[in-house]
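Colleague: Before I use words such as salt bridge or exposed, I would like to hear how each label is earned.

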Amino acid sequence: MARTGDRPARTPQVLKGMRDLLPQQMVLRQHVIGTFRRVFERYGFEPIETPVLEYLDVLTGKYGEDEKLIYHFQDRGGREVGLRYDLTVPLARFVATHRHELVFPFKRYHIEPVFRADRPQRGRYRQFWQCDVDIVGTASMLADAEVIMVWIDALSAVNMPNFVVHINHRKLLQSMAQVAGVPEAQAATIHRAIDKLAKIGRDGVHAEMVNHGIPPEAADRVLDLVALEGEPAEVLAELRRRLAGNQLAEEGIADLENLFRYLGELNADPAHYQLDLSLARGLDYYTGPVFEAMVKEPNIGSLGGAGRYDHLIGMFLGEDIPATGASLGLERIIDVIQELHLLPQPRTVSEVLVTVFSDEGLEASLSLVSQLRAGEVNAEIYLGERRDLRRQVQYADRKGIPLVAFLGPDEIAAGTVNLRVMASGEQVTVPVSAAAETIDRLLKQERSGDGAAGQ
RNA sequence: GUGCCUCUAGCUCAAUUGGCAGAGCACUGGUCUGUGGAACCAGGGGUUACGGGUUCAAGCCCCGUGAGGCACCCCA
């Protein structure tokens, strides 16, 4: 850490919308990733990985408007390449590439970073991780129901309170536009406006539609449909009456009826999902049910987006394979966990610090630390050159290591070790042979007594 | 991508509006080599985000760049 006298070439700064993660942030992050992984695997989803870089034309033509946010450049061989914008389009390409190596219906999860050249804001980064589960090769609404169940379980597993999965159907949205007499080309405008219903209200949506050239009467007709609320079965029955004879509406309603029936049979908690006829979802590739996971507090946007995309794989294969899937935004979820203190937040992976009393005691300390590691305890030995115990205990305190093991002449002579619980100051002396076991017990006590409030 | 706001020590913020760049916490050393978060003493740390301009004089005014935030857009 000596000074070199050289001036740094540039201020050491990370790129807009990207961040470094410190060890104490990674502890929570990896815990959340591990939790999601376990939930995903409980449903039989299997992991895959794909490159962050794809041929640019793999990515283009799938997202609609958003396409301008794709990072792209030429590689050294002159290839036009792009950083993946999500994990769904790469999955579609993956399925088309490996079609004959996969067992269908194919279920995979995928937890990796994606990139969007968006203007950063709170909860909006240029590099962020998505946690995706998708089911490829079945058009059954059972697959969509499973995906929603995974979401509910995953968010519940990180103690997320009051989240709601909003559910709608692309075909329903399209049929509403048809019934209102809005031309196909303007359908997207309508959907975008409707999506803001909760935010700007009926009048706001009406004004926005009219602004975009939708006749006021058509806007009213659409809004009358969207405004329907209540029990899914009742709302769907009412829609069936009002949209009678419309092919798309029939298909969408039938899908949703099945979907809600399956959710009921899977015992999904009704507090965590609802029919929301105003939910639009921006991405072009959705063709069926669409979902969005929302929390009211804090105001951070959606935690995840999802839906069915029965024609996306066909864009690579020339033959459609139906698919549905869900995507959670890791950073937003972690932001909420931290803001609301939903999980305990240890600052380190270390479980115990083994102190070194003196040169003469070093051998005993090294022997203990190896023994603890063999017993699957995360144990570190103090590596500093100055060994006064005060300094060593302070090190444990600063790093947040929950336990400290003392081995002085007395303990060494007696074949014991003195274990100190940092949070309480309580100390116990046990035989070295019982150290690992005692540490396990003390850690369990700590974790249960600690509650979810964290340190 | 558009508009607006912000940027001073590791963190939170001062600096009498253009006149010597500071505090608290943190950090380092000591009191203190058998036990941390206390106290006391001492210390290190800043081209005031970066680059330029105006001025006798710039943290403060002007321009550009970078980064963060708010709203829009959109979305995870």
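Modeller: We will go through a few labels one by one.

Modeller: This is a predicted model, in which local features need pLDDT of at least 70 and side-chain atom pairs count only at pLDDT 80 or more, while totals for chains, interfaces and linings use all residues. Residues are numbered from 1 along each chain as its sequence is written, and side-chain values use heavy atoms, with hydrogens and water left out.

Colleague: Why is the contact between the side chains of R242 and E238 called a salt bridge?

Modeller: A salt bridge is a side-chain nitrogen of Lys or Arg within 4 Å of a carboxyl oxygen of Asp or Glu; the N to O distance for R242 and E238 is 2.8 Å, so the pair meets the definition.

Colleague: What separates R242 and E238 along helix 9?

Modeller: They are four residues apart in helix 9 (residues 232-242), which means about one helical turn; helices here are DSSP runs of H or I with at least four residues, numbered from the N terminus.

Colleague: What makes D359 exposed, and R387 partly exposed?

Modeller: Buried means under 20% relative accessible area, exposed over 50%, and partly exposed in between, with a 1.4 Å probe and protein chains only. D359 has 55% relative accessibility and therefore counts as exposed, whereas R387, at 28%, counts as partly exposed.

Colleague: How do you know that D359 and R387 form a salt bridge?

Modeller: Their closest N and O atoms are 2.6 Å apart, so the pair satisfies the cut-off already given. This pair links distant parts of the chain, 28 residues apart.

Key: Chains lettered and ligands numbered in written order. Helix = DSSP H or I, 4+ residues; strand = E, 2+ residues; numbered from the N terminus.
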